[in-house]
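These are my notebook entries on a predicted model. I looked up its empty spaces, one of its helices and its aromatic rings, in that order.

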Amino acid sequence: MWDDLVLEVKNLCKIYYNQNSSILGKGEPKEILRDISFNIKKGEIFGLVGESGCGKSTLGRSIVGLNKDTEGQIIINGEEQKHIKNLSEKVQIIFQDPSSSLNPSKKIGWILEEPLKIHKIGNKQQRIVKVNEILEIIGLDSSYRDRYPKELSGGQRQRISIGSALMLRPNLIVADEPVSALDVSIQAQILNLLQDLHEKFNLAYLFISHNLDVIYYMCDRVAVMYAGEIVELAKVEEIYNNPLHPYTKALVGSSTPFIYQNDFLVNKINSENTVTDVLEEGCKYLKKCPYHKSICKTNTVGMKNVSSSSEEKHLVRCKMF
Ligand SMILES: Nc1ncnc2c1ncn2[C@@H]1O[C@H](COP(=O)(O)OP(=O)(O)OP(=O)(O)O)[C@@H](O)[C@H]1O
Ligand SMILES: [Mg+2]
């Protein structure tokens, strides 16, 4: 039922054209997203994991309307994204590097007030009250209103980006590697803040990471991406305990245990992956797959539900299942 869902993505595809490959015309097409389908329930933290360059940010940016020319459907709160007038009231994005997403020439008070001004919400006094409220929610006091972004630490800057994303009270946030640029000791604080906000506002996240440990700590379900496709999707415990796709197996196998202290995640270690060649037809993981058969070369592989439970799906894109 769509009314349980904050987001539905149906058969999303995105092609970029390589500008250097041709002087005339659009250039050589490069398929970045292929047949992406999934949904996020209201108040759910949905993880998206995959190696660098597999298309995670392209997908996240498409959902918040920063990537045009996609094929397929993006439905937010039951409404097709392209018909939504005030998209920023429904969905917001937090980027990896808060330094580049905050205007360096403006004070924090101005930055946080801006979305309210654009949407003509409240008078000056009411807006200042809202800014102070948000500052308190993100763990900073009202004196930060008079500071510039450069006068803040990386963690504080990321708190401001989160606060800015919350100003219009969306019920979905795309968090694109929100802690990757931060010092390890600060990462846990920001993850815990995101968890608190999720509980307080029943916020749903599309939580993007290339680190399965962080995904495991944060998320309810997770989609594993490889070379522009979702290759596996299930509850996070299921992915961790019973990975089926050979790429997920490799990802889980290369993952290191995470460390808890007083119930908080305090550390993580990145798992590095490299991008592989992408075949035009058949399974994209074929060249790396130790189990591949000749059928994997030609057939387009669709997603198959292999779960025995009628309630929770375990989807996998692999000819072995
Ligand atoms: N504007 C663009 N024009 C052409 N190609 C692009 C553009 N933006 C991204 N790409 C390509 O799309 C692919 C996916 O990029 P994307 O940024 O979505 O990956 P990612 O999974 O977020 O990687 P990372 O983990 O490093 O952030 C890459 O091969 C990238 O080079
Ligand atoms: Mg990215």
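**Entry 1: the largest pocket**

I began with the lining of the largest pocket and found that α4 gives the largest share of it, five residues. For the space itself I noted about 530 Å³. I then looked for the residues closest to the centre of this pocket, and among the 22 that line it these are Gln-92, Ile-93, Pro-115, Ser-164 and Ala-165. Sorting the lining by element, I listed α2 (87-90), β6 (91-94), α4 (108-118) and α6 (154-166) as those that give two or more residues to it. By class I counted 14 nonpolar residues, seven polar ones and one charged one in the lining of this pocket.

**Entry 2: helix α6**

Since α6 is among the elements that line the pocket, I turned to this helix next. I compared its length with expectation: 13 residues at 1.5 Å each should span 18 Å, and the C-alpha atoms at the ends of α6 lie 19 Å apart, which agrees. Is α6 mostly enclosed by the rest of the structure or not? Twelve of its 13 residues are buried, so I recorded the helix as largely enclosed by the rest of the structure. The buried residues of α6 include Arg-157 and Arg-159 as well as Ile-160, Ile-162 and Leu-166. Ser-164 and Ala-165, which I had already noted close to the centre of the pocket, are also among the buried residues of this helix. To see what these buried residues pack against, I went through their contacts and wrote down β6, α3 (98-101), α4, α5 (124-137), β7 (172-176) and α7 (184-201).

**Entry 3: the cavities**

I then looked for enclosed space and counted three cavities of 30 Å³ or more. The largest cavity has a volume of about 80 Å³. Of the 13 residues that line the largest cavity, Cys-283, Cys-289, His-292, Cys-296 and Cys-318 are the closest to its centre. Its lining holds ten nonpolar residues, two polar ones and one charged one.

For the second largest cavity I noted about 40 Å³. Its lining includes Cys-283, a residue that also lines the largest cavity, together with Tyr-226, His-245 and Tyr-285, among others. By class, this lining has five nonpolar, one polar and three charged residues.

**Entry 4: the aromatic rings**

How many aromatic pairs does the structure hold? I found five. I looked up Tyr-216 and Tyr-240, whose rings form a tilted pair at 4.6 Å centre to centre with 55° between the planes. This pair joins distant parts of the chain, with Tyr-216 in helix α8 (residues 212-218) and Tyr-240 in helix α9 (residues 236-241), 24 residues apart. Tyr-216 has a relative accessibility of 28%, so I entered it as partly exposed.

Next I took Tyr-247 and Tyr-285, an edge-to-face pair with 5.6 Å between the centres and 65° between the planes. Here too distant parts of the chain are linked, as Tyr-247 belongs to helix α10 (residues 246-254) while Tyr-285 sits in the loop between β12 (264-267) and α11 (295-298), 38 residues apart. Tyr-247 is buried at a relative accessible area of 3%, and Tyr-285, at 7%, counts as buried as well. Finally I noted that Tyr-226, Tyr-247 and Tyr-285 form one aromatic cluster, and that Tyr-226 and Tyr-285 are among the residues lining the second largest cavity.

Terms used
Residues are numbered from 1 along each chain as its sequence is written. Chains are lettered from A and ligands numbered from 1 in the order in which they are written. This is a predicted model: local features need pLDDT of at least 70, side-chain atom pairs count only at pLDDT 80 or more; totals for chains, interfaces and linings use all residues. Side-chain values use heavy atoms; hydrogens and water are left out. On a 1 Å grid over the protein atoms alone, a cavity is a set of points where a 1.4 Å probe fits but cannot get out, and a pocket is an open set with protein on both sides within 12 Å along at least five of seven lines; lining residues have an atom within 4 Å of a point. Grid points are joined across faces, edges and corners, and a volume is the space filled by probe spheres set on the points. Helices (H or I, at least four residues) and strands (E, at least two) are DSSP runs, numbered from the N terminus. Ala, Val, Leu, Ile, Met, Phe, Trp, Tyr, Cys and Pro count as nonpolar, Asp, Glu, Lys and Arg as charged, and the others, Gly among them, as polar. The expected span of a helix is 1.5 Å times one less than its number of residues. Buried means under 20% relative accessible area, exposed over 50%, partly exposed in between (1.4 Å probe, protein chains only). Contact means heavy atoms within 4.5 Å. Rings of Phe, Tyr and Trp (its six-membered ring) pair if their centres lie within 6.5 Å; planes under 30 degrees apart count as stacked, over 60 as edge-to-face and the rest as tilted.
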